Amino acid sequence: MTLQASGIIWASQIGGEFSPGVTPWYISNHYRGGPYVPNISQNNSIPTSGLIYFSNFYGTTKASLSISPSPANAYNFQAEPAPSSKVLSVGVTASGAGVTSGSWAKISGAAGTTINSSTSLTPTFSATVNKNNEQVSVWRFTANNGLTADVTVSLKYETDA
């Protein structure tokens, strides 16, 4: 969870976000890129060395999650005569600070879209798509760091007919 952007910030808040349960607690263990604070853009206000202040931690977070590409599109165009359907696939990558595992679940959309591994960080989505049709579905990744991210998967097959 992201720390607040203003107001009083306490050592217990910084420790709770970046190093829960670590004792003894030292601010000097909380440089960006160190053992507890990931070197991600959300944490650019935290120095990598030198003077460090509690105020450097406003708006910072330990957790991050992104899905790339998002949306995930596969498009196939074929001149006639063309097959009545085609199998289309697109891959994505889930990544972020502390993301080492997670699970995928379809939350809406085309029943025919499948995933090759519901626990992979780099799954492939596939479907048999009829000529001049599109299958769209929305998938949710729940990461081991507690964050979730959704991706729209669009698989489209068109012809010139």
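Buried here means under 20% relative accessible area, and the views below, all taken from a predicted model, apply that cut-off to individual residues.

**View 1. Ala94 and its surroundings in strand E4**. Ala94 belongs to strand E4, which spans residues 93–95, and because its relative accessible area is 4%, the residue counts as buried. Leaving aside residues up to four places away in sequence, Ala94 touches Leu65, Ser66 and Ile67, and also Trp104, Leu121 and Phe141. The C-alpha atom of Ala94 is separated by 14 Å from that of Ile115, a residue 21 residues apart from Ala94 along the chain.

**View 2. Ser120 in the loop between E6 and E7**. With a relative accessible area of 18%, Ser120 falls under the 20% cut-off and is therefore buried. Residues up to four places away in sequence being left out of the count, the contacts of Ser120 are Trp104 and Phe141. Trp104 and Phe141 also appear among the residues that Ala94 touches, so that this view may be read together with the preceding one through the contacts listed for Ser120.

**View 3. The open sheet with the order E3-E7-E6**. This sheet is made of 3 strands, and its pairing is antiparallel; E3 and E6 are the edge strands, each of them pairing on one side only. Strand E3, residues 85–91, and strand E7, residues 124–130, run antiparallel and are joined by 7 bridges, and in this pairing Ser89 stands opposite Ser126 of E7. On the other pairing, strand E6, which covers residues 114–115, is joined to E7 by 2 bridges, again with the strands running antiparallel, and here Ile115 stands opposite Phe125 in E7.

**View 4. The open sheet with the order E2-E9-E8-E5**. Here 4 strands are arranged with mixed pairing. Strand E2 (72–78) and strand E5 (102–109) stand at the edges, and because each has a single partner strand, one side of each is left without a neighbour in the sheet. From one strand to the next, the twist averages 20°. Strand E8, residues 133–143, and strand E9, residues 148–159, run antiparallel and are joined by 10 bridges; within this pairing, Glu134 has Lys156 of E9 as its bridge partner.

**View 5. The salt bridge between Glu80 and Lys131**. Side chains of opposite charge can pair when their charged atoms come close. The model contains 3 salt bridges, and one of them brings together the side chains of Glu80 and Lys131, with an N to O distance of 3.2 Å. Glu80 lies in the loop between E2 and E3, whereas Lys131 lies in the loop between E7 and E8, so the pair ties together parts that are 51 residues apart in sequence. Both partners are partly exposed, Glu80 having a relative accessible area of 30% and Lys131 one of 26%.

**View 6. The salt bridge between Asp150 and Arg140**. In this pair the closest N and O atoms are 2.7 Å apart. Asp150 sits in strand E9 and Arg140 in strand E8, 10 residues apart, and the pair thus links distant parts of the chain. Asp150 counts as partly exposed because its relative accessibility is 36%, and Arg140, at 32%, likewise counts as partly exposed.

**View 7. The salt bridge between Lys156 and Glu158**. The side chains of Lys156 and Glu158 meet with an N to O distance of 3.5 Å. Lys156, which was introduced above as the bridge partner of Glu134 in E9, is partly exposed with a relative accessible area of 28%, while Glu158 is also partly exposed, with a value of 26%.

Technical notes
Residues numbered from 1 in each chain as written. Predicted model: local features only at pLDDT ≥ 70, side-chain atom pairs only at ≥ 80, totals over all residues. Heavy atoms only, no water. Pairing = 2+ DSSP bridges. Axes fitted to C-alpha atoms, helices over the stretch in contact; angles between N-to-C directions. Buried < 20%, exposed > 50% of the residue type's maximum accessible area, 1.4 Å probe, protein only. Contact = heavy atoms within 4.5 Å. Salt bridge = Lys/Arg side-chain N within 4 Å of Asp/Glu carboxyl O.
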